[in-house]
Amino acid sequence: MKKTFYQLDRVLTEYADIWRTSPFISSCPAWFQEYPELTEWLLALSDDEVDELQGDDNLLCQKVAPYFPVAQEILSLIQLPSCEKQPSLERSYAWQRDVPGRKVEQIEAFSAAIPEVSDPLLEWCCGKLHLGRYLAEQFNLPVLGLDINAKLVEQANQLAQRMKSNARVEQCDALTDEAKSKLTSQQHAIALHACGGLHVSLLEASVEKKVKRITLVPCCYHRFNQSGQFHPLSKDAQASCLKLENGDLRNAVRQSNTASDRTIIKRKKLQSWRLGFDRLQREIRNVDEYLPVPPISTAILNGSFAQFCEHVATMKGVKIPEAISVEKYEALGEKRFFEFSRLELVRMTFRRALELWLVLDRVMYLQESGYTCSLTQFCSADLTPRNILIDAVRC
Ligand SMILES: C[S@@+](CC[C@H](N)C(=O)[O-])C[C@H]1O[C@@H](n2cnc3c(N)ncnc32)[C@H](O)[C@@H]1O
């Protein structure tokens, strides 16, 4: 795993200028000149092809590789053993009724990926404890869940009581010493989709308390970083020249495979409008420079493009002259969105590499701390793109 980390580290460092430059900000990234055939191929893709490539890291690397050779190397580096086994418990009606859509299958896949479980479980940031209840039943073990959200804690305990489950939840902030005090050396700690700082706190507390086994599916590396900055956990990653920022971490998880069609359509329209406004503001200010605009709710799409421009211009202190007709900028935004969504695929080629770099940082930290680790892809990206499972056992 160290070897893979170093190979990823080299690729990411060497190509940082490419994956760090967003074609949203710059309509003509520097690599344009260097890879003319790549640009030509990207701009000829249909909308359906773009959507398909955005949702499949392997396919993206395969298709891009003839025009951008490093994609072939990335493709070989991001392969993980797959562990997509059949669930061993039959799905009960109650189970399916209480657990939302894809979560059922994610939990079954998580469970199938760790066939032998023999120690009391502690689920970190458990939400409604769906995973914990499932494992309590499957392995006939007690489960303690921790979550900060009082409403979720109450609902989780009601669900557990209704199932007569040997699982319960306590309200607790995972970032505090109180949470750490719940961990013991005889436990098996589990976490499914615990965001950045939350799973870091689990790993650090588990190492300190010598927790017997940790099974973790990390996600959203940019969230809950207490210092607001990313700090690698392992010595090797700390020594790397690659210094990641929160924006880079966000890139590692930018994927919309599981979003609904309606959400995706709205997101695209909002991006197109933002790009239209970008063209407008460059002209008004007579500065060929991107003007950062804070996140805006898709509810704004209920109005017109002209209203959207007024809203954003006011936010940014830009005055739209009466003589300017904003309509033409809507069409310019659509054109820019067409180009942006295609050029963005080059950045996305590095997305899984970045995610794996982060996962391997966590793995190497656990190895340094006396754990034997395995990594698997526990389910397909259609179920959840955050599908890398770390299983660590104390030696
Ligand atoms: C992405 S959800 C994952 C929930 C669950 N593991 C699942 O897969 O369905 C993250 C959970 O972390 C909880 N959370 C957020 N901040 C927390 C904190 N500081 N301490 C404990 N739990 C927290 C949220 O309430 C939420 O239930």
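The exercises below, each with a worked solution, concern a predicted model of a protein chain with a ligand.

In this predicted model, local features need pLDDT of at least 70 and side-chain atom pairs count only at pLDDT 80 or more, while totals for chains, interfaces and linings use all residues. Residues are numbered from 1 along each chain as its sequence is written.

**Exercise 1. Overall form**

Task: state the secondary structure content of the protein chain, and decide how its radius of gyration stands against the globule rule.

Solution. Start with the elements: the protein chain has 19 helices and seven strands. These are DSSP runs numbered from the N terminus, with helices (H or I) of at least four residues and strands (E) of at least two. Next, take the radius of gyration over C-alpha atoms, with the globule rule being 2.2 Å times the number of residues to the power 0.38. The value is 23 Å, close to the 21 Å that the rule gives for 395 residues, so the chain is as compact as a globular protein of that length. The C-alpha trace spans about 70 × 45 × 40 Å along its principal axes.

Then consider burial. A residue is buried if 20 or more other C-beta atoms lie within 10 Å of its own, exposed if 12 or fewer do, and partly exposed in between, with C-beta atoms placed from the backbone. By that count, 39% of the 395 residues are buried. Last, two residues are in contact if their C-beta atoms, placed from the backbone, lie within 7 Å. Of the contacts with a separation of 6 or more, 72% are between residues 24 or more positions apart.

**Exercise 2. The sheet**

Task: give the strand order of the sheet, identify its edges, and follow the pairing around S4.

Solution. Two strands pair if DSSP finds at least two bridges between them. On this basis there is an open sheet of seven strands, in the order S3-S2-S1-S4-S5-S7-S6, with mixed pairing. Strand S3 (167–171) and strand S6 (371–377) pair on one side only and are the edge strands. Neighbouring strands are turned by 15 degrees against each other on average, direction ignored.

Now turn to S4. Strand S1 (residues 121–124) runs parallel to S4 and is joined to it by three bridges. S4 also pairs with S5 in the parallel sense, over seven bridges. Isoleucine 190 of S4 is the bridge partner of glutamate 123, and isoleucine 190 also stands opposite threonine 215 in S5.

**Exercise 3. Burial of S5 and the helices across the sheet**

Task: determine how many residues of S5 are buried, and name the strands that H13 and H19 lie across.

Solution. First count: seven of the seven residues of S5 are buried. Then sort them by face: Arg213, Thr215, Val217 and Cys219 are on one side, with Ile214, Leu216 and Pro218 on the other.

For the helices, axes are lines fitted to C-alpha atoms, over the stretch in contact, and angles run from 0 to 180 degrees between N-to-C directions. Helix H13 (residues 196–209) lies across S1, S4 and strand S5 (213–219), at about 160 degrees to S4. Helix H19 (residues 351–368) lies across S5, S6 and strand S7 (388–394), at about 155 degrees to S6.

**Exercise 4. Helix H10**

Task: list the buried residues of H10, and name elements that cover them.

Solution. Eight of the ten residues of helix H10 (residues 130–139) are buried. They are His130, Leu131, Gly132, Arg133, Tyr134, Leu135, Ala136 and Phe139. Their cover includes helix H9 (101–113), S1, S2, helix H11 (150–162), S3 and S4. Asparagine 140, which follows H10, has a positive phi near 55 degrees.

**Exercise 5. Two further residues**

Task: classify histidine 193 and phenylalanine 224 as buried, partly exposed or exposed.

Solution. Histidine 193 is found in strand S4. It has 19 C-beta neighbours inside 10 Å and therefore counts as partly exposed. Its phi is positive, about 55 degrees, although it is not a glycine.

Phenylalanine 224 lies in the loop between S5 and helix H14 (235–239). With 17 other C-beta atoms within 10 Å, phenylalanine 224 is partly exposed. Beyond its neighbours within four places in sequence, it is in contact with Cys195, Gly196, Gly197 and Leu198. The C-alpha atoms of phenylalanine 224 and glycine 197 are 4.4 Å apart, with their positions 27 residues apart along the chain counted as separation.

**Exercise 6. The ligand shell**

Task: describe the residues around the ligand by number and class.

Solution. A residue is near the ligand if its C-beta atom, placed from the backbone, lies within 6 Å of it. The ligand is surrounded by 16 residues, the closest being Cys125, Gly127, Ile148, Asn149 and Ala174. Nine are nonpolar, four polar and three charged. Here Ala, Val, Leu, Ile, Met, Phe, Trp, Tyr, Cys and Pro count as nonpolar, Asp, Glu, Lys and Arg as charged, and the others, Gly among them, as polar. Strand S2 (143–147) and strand S4 (188–195) each supply at least two residues of this shell.
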